[in-house]
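Student: I have a new model open and would like to learn how to read it. Could you walk me through some features, one at a time?

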Amino acid sequence: MQLLNSLQQRLERIYEIGLGLDVRDFVTDDRRLARMLDDGAGTRNAAEKLLVHQDASGLSMSLFLDPELLEALAGVEDPEALEEEALPELMTAIEGISHFLYLAWNAHHDRPVSRFEMELQAEVDKFVLAGVMAAARNRGRIPWRLHHWLFGRLRLSPGLSAAERHRYQSAHAYARSYTEGLRRRFLASGQPGLLHELRRFYRLTHRYKLRHITRPAAPALFPCL
């Protein structure tokens, strides 16, 4: 599916993280197979799930994307061409690709990564790519309502454990705070530095990501996308 590759390439260009992998080689839409491969603490139905197995021989990954999600995005090569009704499916696909890339990049650099970090980065990636696509459709301008659409209300899947709910809620809250700072600064100032900021944030570890988000506001460093 060309759209998945296009989204992957956009994220890799933004973060300068070319890994020589194609997410399409790791995608499965087989629900039964996904349940078999899911060795997490609790299995549940989800439209997107990164399936991971690690042992002495290395790290194995598969990205499950629900057949209905893939059907909604079928035939689309350019994400800007998607109808608004398909945006939720697009955001779910971006989340899965973000998980795949972030885990692969950290594994390539022999760095441990938590599920919280993956969720946090995915929330940021959805905002960044949604902003790029919105700008392409609006003569370079990003609608102010975009941030509210992404972060106005968190919708959690039923059946989550208390720990999972806490992880998703925390990642959502930190990402909302971080992207609100980006939105406020780069939309208002037009100063250069956005890509540098995003690439630096991507490479920070768990503790330093949170410290970076909660630090006192710094001078504006972010341009319009």
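**Reading the model together**

Tutor: Gladly! Let's start with one residue: Ala 47 sits in the loop that joins helix H2 (31–37) to strand S2 (48–55). Keep in mind that this is a predicted model.

Student: Is Ala 47 buried or exposed, or partly exposed?

Tutor: Partly exposed, because its relative accessible area is 34%, and the partly exposed class runs between 20% and 50%.

Student: And what does Ala 47 touch, beyond residues up to four places away in sequence?

Tutor: With those neighbours left out, Ala 47 touches Phe 64, Leu 65, Asp 66, Leu 69 and Thr 92. You can also look at C-alpha distances: Ala 47 and Glu 68 are 21 residues apart in sequence, and their C-alpha atoms are 8.3 Å apart in space. Leu 33, in helix H2, gives you another pair to look at: its C-alpha is separated by 9.1 Å from that of Phe 64, 31 residues apart along the chain. Leu 33 counts as partly exposed, because its relative accessibility is 32%.

Student: Let me step back to the whole chain. How many helices and strands does the chain have?

Tutor: Nine helices and three strands. Along the sequence they follow the pattern α-β-α-β-β-α-α-α-α-α-α-α. The chain has 225 residues, and 46% of them count as buried. Among contacts with a separation of 6 or more, 69% come from residues 24 or more positions apart.

Student: Now the helix pairs. How should I describe two packed helices?

Tutor: The general idea is that two packed helices are described by the angle between their axes and the distance between the axes. Try helix H5 (residues 115–137) with helix H8 (residues 194–203): their axes come within 11 Å and cross at roughly 165°. That angle makes H5 roughly antiparallel to H8, because angles over 145 degrees fall in that class. The crossing of H5 and H8 is left-handed.

Student: Which residues of H5 and H8 meet?

Tutor: From H5 there are Leu 120, Gln 121, Val 124 and Val 128, and they meet Leu 198, Phe 201 and Tyr 202 in H8. Sorted by class, the contact of H5 with H8 has six nonpolar residues, one polar and no charged ones.

Student: How do the axes of H1 and H5 cross?

Tutor: The axes of helix H1 (residues 2–15) and H5 come within 11 Å and cross at roughly 100°. H1 and H5 are therefore roughly perpendicular to each other. On the H1 side you will find Leu 7, Arg 10, Leu 11, Ile 14 and Tyr 15, which meet Gln 121, Val 124, Asp 125, Val 128, Leu 129, Val 132 and Met 133 in H5. The residues of this H1–H5 contact divide into nine nonpolar, one polar and two charged.

Student: And what about H5 with H9?

Tutor: The axes of H5 and helix H9 (residues 206–214) come within 10 Å and cross at roughly 45°. That makes H5 oblique to H9. The crossing of H5 and H9 is left-handed. H5 contributes Phe 116, Glu 117, Leu 120 and Gln 121 to the contact, while H9 contributes His 206, Lys 209, Leu 210 and Ile 213. By class, the contact of H5 with H9 has four nonpolar, two polar and two charged residues.

Student: Let's turn to the interior. Which residues touch the most other members of the largest nonpolar core?

Tutor: Tyr 15, Leu 90, Leu 120 and Leu 198 do, in a core of 51 residues. Helix H4 (residues 87–108) gives the most to this core, with eleven residues. As for Leu 120, its contacts are Ala 171, Tyr 174, Ala 175, Phe 201, Lys 209, Leu 210 and Ile 213, not counting residues up to four places away in sequence.

Student: One last item, backbone torsions. What is the phi of Glu 16?

Tutor: Glu 16 has a positive phi of about 55°, although it is not a glycine. Glu 16 lies in the loop between H1 and strand S1 (27–28) and is exposed, with a relative accessible area of 54%. Asp 110 also belongs on your list: it has a positive phi of about 55° and is not a glycine. You will find Asp 110 in the loop between H4 and H5, and at 70% relative accessibility Asp 110 counts as exposed.

Note on methods. Residues are numbered from 1 along each chain as its sequence is written. This is a predicted model: local features need pLDDT of at least 70, side-chain atom pairs count only at pLDDT 80 or more; totals for chains, interfaces and linings use all residues. Side-chain values use heavy atoms; hydrogens and water are left out. Axes are lines fitted to C-alpha atoms, for helices over the stretch in contact, and angles run from 0 to 180 degrees between N-to-C directions. Helices (H or I, at least four residues) and strands (E, at least two) are DSSP runs, numbered from the N terminus. Angles under 35 degrees count as roughly parallel, over 145 as roughly antiparallel, 65 to 115 as roughly perpendicular and the rest as oblique. A crossing is left-handed if the near helix is turned anticlockwise from the far one by less than a right angle, and right-handed if clockwise. Contact means heavy atoms within 4.5 Å. Ala, Val, Leu, Ile, Met, Phe, Trp, Tyr, Cys and Pro count as nonpolar, Asp, Glu, Lys and Arg as charged, and the others, Gly among them, as polar. A nonpolar core is a set of buried Ala, Val, Leu, Ile, Met, Phe, Trp, Tyr and Cys residues joined through side-chain atoms within 4.5 Å. Buried means under 20% relative accessible area, exposed over 50%, partly exposed in between (1.4 Å probe, protein chains only).
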